[in-house]
Amino acid sequence: MPTNKKINDVEKMAEWMSQYEMLVSTDYTSMSANDMNQMRKAFRQNSVQYTIIKNTLARLAAEKSGKPKIQEIVEGPTGIAYGSGDPVSIAKTVTEFISTSRLPLKIRGGIMDDTLLTIDELEKLATLPSKDQLIANFARQIQSPVSRLVQVLNNPIVGLATVLNNRMQQLNTQN
């Protein structure tokens, strides 16, 4: 018979599993408590949550949340990094932390929406620019032709104004 605590844990897990945009499964073995605190602090700064889960409860929560693919990346000691922000920033946060800290955290796989991601796919995703950077680049590319068109249309008017101004100065110096 399941305890009330386990039932509540499954309910909470199912709730955040159903709301995530990106989820990264990790193996946290060989990490000390200080390493875990350092990792959680780095993740919090980037709006990424990290939870250590019990596999059987996670499997039940995955079924309950309607995300059965989560079961495929849950094995052994598992920690889950997740968030509802930009999926690229979540993958980037995890991979950058691993490369900069050199701690023994290992990525097992991930899920974006309902797509299962391999370690290589997560690393490629982490190298992409963020959503905000992509929008800024797109806006810059749209703005560039428009500003050139304005400049081309404005040049004859500026040229005419300059010629008239020079002619006025020439007439004023003759008088």
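Methionine 22 touches Ala81, Tyr82, Gly83, Pro87, Ile90, Ala91, Ile111, Met112, Leu117, Leu122 and Leu125, leaving aside residues up to four places away in sequence. The model is a predicted one. In the largest nonpolar core, Met22 is among the four residues that touch the most other members.

**Nonpolar cores**

- The largest nonpolar core holds 21 residues, and Met22, Val24, Met39 and Phe43 are those in contact with the most other members.
- At least two residues of this core come from each of strand E1 (22–27), H2, H4 and helix H5 (119–127).
- H4 gives the largest share, five residues.
- A second core, separate from this one, has 18 residues, including Ala14, Leu23, Ile73 and Ile80.
- In soluble globular proteins, nonpolar side chains tend to be buried together.

**Packing of H2 and H4**

- Two packed helices are described by the angle between their axes and the distance between the axes.
- Helix H2 spans residues 33–45 and helix H4 spans residues 87–101; the two pack at an angle of about 140°, and their axes are 10 Å apart.
- H2 is therefore oblique to H4.
- The crossing of H2 past H4 is right-handed.
- On the H2 side, the contact is made by Gln38, Met39, Ala42 and Phe43, while H4 contributes Thr93, Val94, Phe97 and Ser101.
- Five of the residues in the contact of H2 with H4 are nonpolar, three are polar and none is charged.

**Residues shared by the two topics**

- Met39 and Phe43 belong to the H2 side of the contact with H4, and both are also among the residues that touch the most other members of the largest nonpolar core.

Key: Residues are numbered from 1 along each chain as its sequence is written. This is a predicted model: local features need pLDDT of at least 70, side-chain atom pairs count only at pLDDT 80 or more; totals for chains, interfaces and linings use all residues. Side-chain values use heavy atoms; hydrogens and water are left out. Axes are lines fitted to C-alpha atoms, for helices over the stretch in contact, and angles run from 0 to 180 degrees between N-to-C directions. Helices (H or I, at least four residues) and strands (E, at least two) are DSSP runs, numbered from the N terminus. Angles under 35 degrees count as roughly parallel, over 145 as roughly antiparallel, 65 to 115 as roughly perpendicular and the rest as oblique. A crossing is left-handed if the near helix is turned anticlockwise from the far one by less than a right angle, and right-handed if clockwise. Contact means heavy atoms within 4.5 Å. Ala, Val, Leu, Ile, Met, Phe, Trp, Tyr, Cys and Pro count as nonpolar, Asp, Glu, Lys and Arg as charged, and the others, Gly among them, as polar. A nonpolar core is a set of buried Ala, Val, Leu, Ile, Met, Phe, Trp, Tyr and Cys residues joined through side-chain atoms within 4.5 Å. Buried means under 20% relative accessible area, exposed over 50%, partly exposed in between (1.4 Å probe, protein chains only).
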